[in-house]
Amino acid sequence: MTFYIEITSQDEFDAVTSKSGVCVVDFYAKWCGPCKKLSPELQAAVENNSVLNTLLSSDISNVDGLLTFVKVNSGDADNEELIDIATDAKVKALPTIIFYKNGELQTTRVEGSNLTKILNVTNSLIDELTKN
């Protein structure tokens, strides 16, 4: 199963972050050690959480699930669009995780590979959605 949707353009980013549900955006670089460590750890944690795994949407053409994880390679010097997305999101460190709920950028962000905090924020946002 593909866990993350890899963003390749501003249009893709806008489409996936504007949808209903929770979108977790992971800004990373291929050369970043903590980024390389975080991706498989986060994937395993979500796949082993039956609630989150059930809500997961992992296809760019079908992001109708309540939960979507996307990656933006902000270290790709050859793709100005991705660098602009990271700049607009005020990414200052890698990895940086930002969250959208129902198309709204949330104020909480996680800088660094704090898996527990990422999961706590994700669970909290899902709880808010499912209680309404």
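**View A. Helix H4 gives the most to the negative surface patch, supplying four of its residues.** The view is taken from a predicted model, in which local features need pLDDT of at least 70 and side-chain atom pairs count only at pLDDT 80 or more, whereas totals for chains, interfaces and linings use all residues. Residues are numbered from 1 along each chain as its sequence is written, and side-chain values use heavy atoms, with hydrogens and water left out. The patch is formed by Asp-11, Asp-14, Glu-80, Glu-81, Asp-84 and Asp-88, and helix H1 (10–17) and helix H4 (80–88) each supply at least two of its residues. Patches are made of residues with over 30% relative accessible area and no salt bridge, with like charges joined within 9 Å and nonpolar side chains (Val, Leu, Ile, Met, Phe, Trp, Tyr) within 5 Å. Asp and Glu count as negative and Lys and Arg as positive, while His and the chain ends are not counted; the place of a charge is taken as CG of Asp, CD of Glu, NZ of Lys or CZ of Arg. Asp-88, which has its place in helix H4, is exposed at a relative accessible area of 58%, where exposed means over 50%, buried under 20% and partly exposed in between (1.4 Å probe, protein chains only).

**View B. A salt bridge between Lys-71 and Asp-26 joins two strands.** The structure holds three salt bridges, each defined as a side-chain nitrogen of Lys or Arg within 4 Å of a carboxyl oxygen of Asp or Glu. In the pair shown here, the closest N and O atoms of Lys-71 and Asp-26 are 3.3 Å apart. Lys-71 belongs to strand S4 (residues 67–73) and Asp-26 to strand S2 (residues 22–28), so the salt bridge ties together parts that are 45 residues apart in sequence. Both Lys-71 and Asp-26 are buried.

**View C. Within helix H2, Lys-37 and Glu-41 form a salt bridge.** The N to O distance between the two side chains is 3.4 Å. Lys-37 and Glu-41 are separated by about one helical turn, because they stand four residues apart in helix H2 (residues 33–47). Lys-37 is partly exposed at 47% relative accessibility, and Glu-41 is likewise partly exposed, with a relative accessible area of 30%.

**View D. Glu-128 and Lys-101 meet in a salt bridge, with an N to O distance of 2.5 Å.** Glu-128 lies in helix H5 (residues 115–131) and Lys-101 in strand S5 (residues 96–101), so this pair ties together parts that are 27 residues apart in sequence. Glu-128 is partly exposed, with a relative accessible area of 33%, whereas Lys-101 is buried at 18%.

**View E. Ala-45 of helix H2 touches Leu-115 and Leu-119.** These contacts (heavy atoms within 4.5 Å) are listed without counting residues up to four places away in sequence. Ala-45 and Leu-119 are 74 residues apart in sequence, yet their C-alpha atoms are 8.2 Å apart in space. At 21% relative accessibility, Ala-45 counts as partly exposed.

**View F. The whole chain contains five helices and six strands.** Helices (H or I, at least four residues) and strands (E, at least two) are DSSP runs, numbered from the N terminus, and from that end the elements follow the order β-α-β-α-α-β-β-α-β-β-α. Of the 132 residues of the chain, 44% count as buried. Among the contacts with a separation of 6 or more, 68% are between residues 24 or more positions apart. The accessible surface, computed by the Shrake-Rupley method with a 1.4 Å probe and, for residues, with only the protein chains shown counting as cover, comes to about 6,700 Å², of which 47% belongs to carbon and sulfur atoms.
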